[in-house]
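Welcome! Please take a moment with the sequence and the model below, then read on for a short briefing, grouped by topic.

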Amino acid sequence: MEYESGELEIDEARLAAADPDGLYLFMLRDYPYMMTPDNVAAFTGTTGQEIRKLLNRGEMQGCRIGVRWLVPKLGLLNYLYKDRPEEEGEAHEEAAMRQAL
C-alpha cells in the first residue's frame, strides 16, 4: 500500500521487503520517512556524528541537502540488513545443512 507524505510517495511493500523479519518497521513508525542523522542515532543508540561519518563514507544511503543529511527509512533498513545472508527461511536452513555434510 502506498501513501503520500507531503509530496513524497512511500512504497510500503518495498519497506516491508527491506525488513523481512519485521524487526524494525514497527519501531520506526513514529519516525518521519526522511530522518535526520540525530533521528537515526536515537534509533540505533549511537551518535549523530557517527551516522554522518557512515553517510560521508557511503556506508549508509542518504541524501545531502545543503549541509544537512537526510536518511530515508529504506536506507536505514538496507544498512541494518547489509550483512544478512541472501537466502532466507527453509532454503537457508537446507543450504546450511548441505554445507555441514
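Strand 4 (residues 63-65) pairs with strand 5 in the antiparallel sense over three bridges; two strands pair if DSSP finds at least two bridges between them, and strands (E, at least two residues) and helices (H or I, at least four) are DSSP runs numbered from the N terminus. This is a predicted model, in which local features need pLDDT of at least 70 and side-chain atom pairs count only at pLDDT 80 or more, while totals for chains, interfaces and linings use all residues. Residues are numbered from 1 along each chain as its sequence is written, and side-chain values use heavy atoms, with hydrogens and water left out.

**Strand 5 and its partners**

- Arginine 64 has tryptophan 69 of strand 5 as its bridge partner.
- Two residues lie between strand 4 and strand 5, which form a hairpin; in the turn, glycine 66 has a positive phi of about 65°.
- Strand 5 also pairs with strand 3, in the antiparallel sense and over two bridges.
- Methionine 34 stands opposite proline 72 of strand 5.
- Four of the five residues of strand 5 are buried, leaving the strand mostly covered; buried means under 20% relative accessible area, exposed over 50%, and partly exposed in between (1.4 Å probe, protein chains only).

**Helix 5 and what it packs against**

- Helix 5 spans residues 73-80, and its buried residues are Lys73, Leu74, Gly75, Leu76 and Leu77.
- These buried residues pack against strand 5 (68-72) and strand 3 (34-35), and also against helix 1 (12-18), helix 2 (25-28) and helix 3 (37-44).

**The loop between helix 1 and helix 2**

- Aspartate 19 is found in this loop, between helix 1 and helix 2, and leucine 23 has its place there too.
- Is aspartate 19 buried or exposed? Aspartate 19 counts as buried because its relative accessibility is 3%.
- Leucine 23, with a relative accessible area of 42%, is partly exposed.
- A polar atom of the aspartate 19 side chain lies 3.1 Å from the backbone nitrogen of leucine 23.
- Leaving aside neighbours within four places in sequence, aspartate 19 is in contact (heavy atoms within 4.5 Å) with Tyr24, Leu25, Leu77 and Tyr81.
- Leucine 23 and leucine 77 are 54 residues apart along the chain, and their C-alpha atoms are separated by 9.9 Å.

**Salt bridges**

- Side chains of opposite charge can pair when their charged atoms come close.
- How many salt bridges does the structure hold? The structure holds two, a salt bridge being a side-chain nitrogen of Lys or Arg within 4 Å of a carboxyl oxygen of Asp or Glu.
- Glutamate 50 and arginine 57 form a salt bridge, with their closest N and O atoms 3.9 Å apart.
- Arginine 57 also meets glutamate 59 in a salt bridge, at 2.7 Å from N to O.
- Glu50, Arg57 and Glu59 are thus joined in a network of salt bridges.
- Glutamate 50 is partly exposed at 29% relative accessible area, arginine 57 is partly exposed at 48%, and glutamate 59 is partly exposed at 37%.

**The protein as a whole**

- The protein has six helices and five strands, and along the sequence they follow the pattern β-β-α-α-β-α-α-β-β-α-α.
- Of its 101 residues, 27% count as buried.
- Among contacts with a separation of 6 or more, 44% join residues 24 or more positions apart.
- The protein exposes about 7,100 Å², an area from the Shrake-Rupley method with a 1.4 Å probe, where for residues only the protein chains shown count as cover; carbon and sulfur atoms supply 50% of the exposed area.

How values were computed:
Polar contact = N/O pair within 3.5 Å; in protein donor to acceptor, adjacent residues only side chain to side chain.
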